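Reader: I'd like to go through this model and ask how each label is earned. Could you set the values against the definitions as we go?

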Amino acid sequence: MNTHELEQLLMQQPVSLLHRLARGRISRHFRSGKRKLVDLLLQASAENRPGLESDLQTLIEERAHRPQPAHIEKTRSAQARPRPAPTAASRPHKTDDHSHHEPPVSLHEWLSGIGVPPPQPFIPDAWQVDALAKLAETDVVVSVPTGSGKTYVAIEATKRAIQENRTVIYTSPLKALSNTKFTEFSRVFGPGQVGILTGDRREHSQAPLLIMTTEILRNLLYDAAGGEIDVRLDTLGLVIMDESQYLADPERGVVWEETLIFCPSQARLLLLSASIGNPQDIADWLTAIRPTPCSLIRHTKRSVPLRAGYLHPNEKLTPLFRTAGIPYGQPHLLHPEAKRLFMEYEEETGPSRSR
Amino acid sequence: MPPSIHPVDLVATLRQRNLTPAIIFLTSRRACDEAMQSFERSQVTLPKAQQEQIARVLAQVTEQFPSIAEHPLIETVQRIGVAAHHAGHLPSWKIAVEELMRTGSLDAVFATTTLAAGVDFPARTVVVTQSSIRKARDFTDLTASEIQQLAGRAGRRGKDLVGFAVITPSPYIDLTVLTKGLTGQPEAIHSQFVISYPMVLNLLKAHPREQIQSILAKSFAQFQLNQRTAVLETKLDSLRAEMEPFGPRVCSDWITQWQVFEQARKRKKPRSPFARQESPDVAARLHFLTPGRVVGVTRGRGIILRQYRSKGQHAPMVTLLREGGSLNECPASIVTQVFDRTFDCEETSVYPWCTPQTLEQLTHHLTDLPPRLPILPILTHQHEEAPIDSSIIQTLGDFACPTCPSRQACQRDFPRASRVRQEIQRHIKSIQALQTSLWHRFQERIDVLERFGYLNANAQLTADGEWARLIRIDHSLLITELIRAEAFGAIDPPLLAAVMASIAHDDDRPGSFPRGSAGLVTLLFQVRKLAESLTPHEAPPMLRADVAALTERWVSDQTLTWIGLARLTTMAEGDMFRLFARTIEFLSQLKTLKATHPSLAESADHAIAAMRRGVLEELP
Ligand SMILES: Nc1ncnc2c1ncn2[C@@H]1O[C@H](COP(=O)(O)OP(=O)(O)O)[C@@H](O)[C@H]1O
């Protein structure tokens, strides 16, 4: 592609795609209009032209294969309901019109309902029950919002494995998290039942539940493949990988892949992840490479509802959106007051922004 | 950038609206520390009961982690119920803050947006003050996943009926990024598979080379490449369908035939004077021939000072600074290799096209360059039809085309048919590339390991490969080469720890540090030379002498306390802790070489034992 062709191709793309392309290449690119953005990208292309071209191709292809926004909205609203029943009423553009006609939420309403829920007996959520049931038959990938209760699934699954005289390995991406989980699990299972391996320190390395960083597990698996077994892997019944979205970490993601590729086939896998865009891909991938199929447990609804607000530097607080909750799929539904205040802010701080 | 609202006012507003406890995400550690300082001057004090609760929780955690007692902010935290939590703090302090949040004792925590710091505690409210985040020297917009991770901390299950994400602006904030992130779908994740030397050695230890391809095929990387292949294959099918009407005519390969005929015809026409006719190779390279770029020419290397076009022919030209300092004006085609290395070049509009200082610096740089430099891979796009050998045209003699019955159809269809045919070829090539790229990269690694003697010609581990595979950390090639060069002969534990620290540390935060010993300086010089010579095969580590010296001090002087060490440097305690923890990790890999390198393993063992004291002993 010569420069002229590249320029033309860039000009044909929507601005949003150009902004994605500009990420990491041009600082403060969101300040630029389309023409300027294309010029900046062409300038930046001198740095790594092949990289730019291939990213551009990828983005164009991705766009062509991405579900349309309407479709996203539909699945979201369907998931929020117990029984997915896509009727005419749940069609996105209707909701859209509807919300525009509703008056924007008042600050009072937006702030109402703050408080502590009354204590309730612990009843596992449907997705938690489902994940545990599936785990009896298959590997499981769980992708749910932060704070949903993934730890409960990890603990219950561990209990079962230990009852069946199987050992469990639990990995977390950070040493700090390993330490927190070590304390937490020691409380649940009793101190002698939980071991930790980090760097070169090992405590209770023969315990039925071992906590370690993913790097350590990867090394164990390599040692086992090379014939030098260190921790007993033949009784391994379950491998739990917390924060599995680290698979996409530029530096360490490869360690998750290595670990999953070499994970002993007799052990069940339980991958716990925050919400990601393509959890089905992960489940399909594992199904393709492992003897047991892999199920996906996914839901997008937060267990504690979220509201978004805007706080002006003069301490004035207003809802961010017209609706009290987050209007998924409709970023433009800004609250008129938030819009006005933010424009005011932009005008006041405007001059200082031109570097 | 600090938020535009004053931190004290921010917390006051949150308290007044019953939106506490809150986590307030700020751009930098400095912003967090400054926010804390601004409270020191404020009048706010907590009710007695809450102060006591904080004291109680802190006392409890301090029992387990005594170093907390020394934290300078303890009093402020107790008085105002607000704390900071970022990577500059010791892990024990972060644990204390987390415990305070878990017990609901604090009203607010200032934290940095980097989730890598491990903010894993929830609150009623999360405050976001920025829409972009510093990643590798540049600001990038937060992704929807990142925004949702931040917002995900709002609303504690069992403790809150609702959670709040509050945006308060700071300069350069882009509200659309945040609203889109809050309302949008998290991004799909992509494989980040890279093939490292230890991976190659460990795989070849357990599997013969013939099996490797099928193992690589099990990666998520290949799974995603296959998805892209599937997309291309669908396109290829539709292109093939598009090609159907253009099957064989009077001659079976009429497209080539017509193309040759066209070219022969055009050849007679004079060329337009300004036609740019550089080869695709040269054209692709032109973009990289910018001032300051190091390039290879047929004899030696040079640095580009400017690029221009010649007056008459309009041919691409460059001004080249050659080794020895001479300046040459030469056609761009003289460049045979473009290296992945550029220097700053302050340009001017007249000869020699840069300032005298730049010229002098560049001349020096040019002589100081290591013998091997990474070559920049440049994709050449052969969009133009491949030129046809003139001999073919001659041997064809008279063309049948002018009198052929199919002539009109050929003339009409040629542009489209030839375009579709090119597309088909391009797709086939891309599909092949997607299917073989991992294996090619693996083979490249095999080649290097074979050249260095870790693998034999059959890709089996040599004696050196057998132990080298146990070094499974970053910069493994440098470390194993240092061992083979006997750089660590009979090395003292402090020196060994210091060198490992300089290899392990990958942060470029500046600061002041103690001086290293003469022995350390000499050894680091050797390490640096070796690392440079390995540059084509492995990116060199930062090899900071200052962090090495700090480590040397800690290991060699056993009477030095953690506080004493912290006084010798401006490095944050959290960074010191991380540096040492990572160094211990690297050292413990050397410890695994007990069988083949007993004295090195022993030295590493001693170094680890010497490092583990004070704060470093607190955590499991
Ligand atoms: N079914 C449930 N009913 C009520 N509370 C739950 C349930 N499951 C989990 N929790 C609580 O939700 C909180 C968050 O759970 P956690 O496992 O930490 O979330 P995450 O998914 O982020 O790992 C915990 O306090 C936990 O006790």
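Reader: Into which domains is chain A divided?

Author: Chain A splits into domain 1 (3-64), domain 2 (126-298) and domain 3 (306-354). Those bounds come from an automatic or database domain assignment. Before we go on, this is a predicted model, where local features need pLDDT of at least 70, side-chain atom pairs count only at pLDDT 80 or more, and totals for chains, interfaces and linings use all residues. Residues are numbered from 1 along each chain as its sequence is written, chains are lettered from A and ligands numbered from 1 in the order in which they are written, and side-chain values use heavy atoms, with hydrogens and water left out.

Reader: What makes the ligand site a shared one?

Author: A residue is near the ligand if one of its heavy atoms lies within 4 Å of it. The residues around the ligand include Phe122(A), Lys150(A) and Thr151(A), and also Arg157(B). Residues of chains A and B surround the ligand, so the site is shared between chains.

Reader: How do you know that Ile123(A) makes a polar contact with the ligand?

Author: The term asks for a pair of N or O atoms within 3.5 Å (within protein, one must be able to donate a hydrogen and the other to accept it, and residues adjacent in sequence count only if both atoms are side-chain atoms). A ligand nitrogen is 3.0 Å from a polar backbone atom of Ile123(A), so the pair qualifies. A ligand nitrogen is also 3.4 Å from a side-chain N or O atom of Asp125(A), and a backbone N or O atom of Ser148(A) lies 3.3 Å from a ligand oxygen. As for cover, the protein hides 66% of the 580 Å² of accessible area that the ligand has on its own (Shrake-Rupley method, 1.4 Å probe; for residues, only the protein chains shown count as cover).

Reader: Over in chain B, why is the pair Asp575(B) and Arg29(B) called a salt bridge?

Author: The rule wants a side-chain nitrogen of Lys or Arg within 4 Å of a carboxyl oxygen of Asp or Glu. The closest N and O atoms of Asp575(B) and Arg29(B) are 2.7 Å apart, so the pair passes. Across the interface of domain 1 of chain B and domain 5 of chain B, the rule finds one salt bridge.

Reader: How much area is buried between domain 1 of chain B and domain 5 of chain B?

Author: About 950 Å², with carbon and sulfur atoms giving 50%; buried area is the accessible area (1.4 Å probe) that two parts lose on being put together, summed over both. Arg29(B), Leu90(B) and Pro91(B) supply 46% of what domain 1 of chain B buries against domain 5 of chain B, more than any other three residues.
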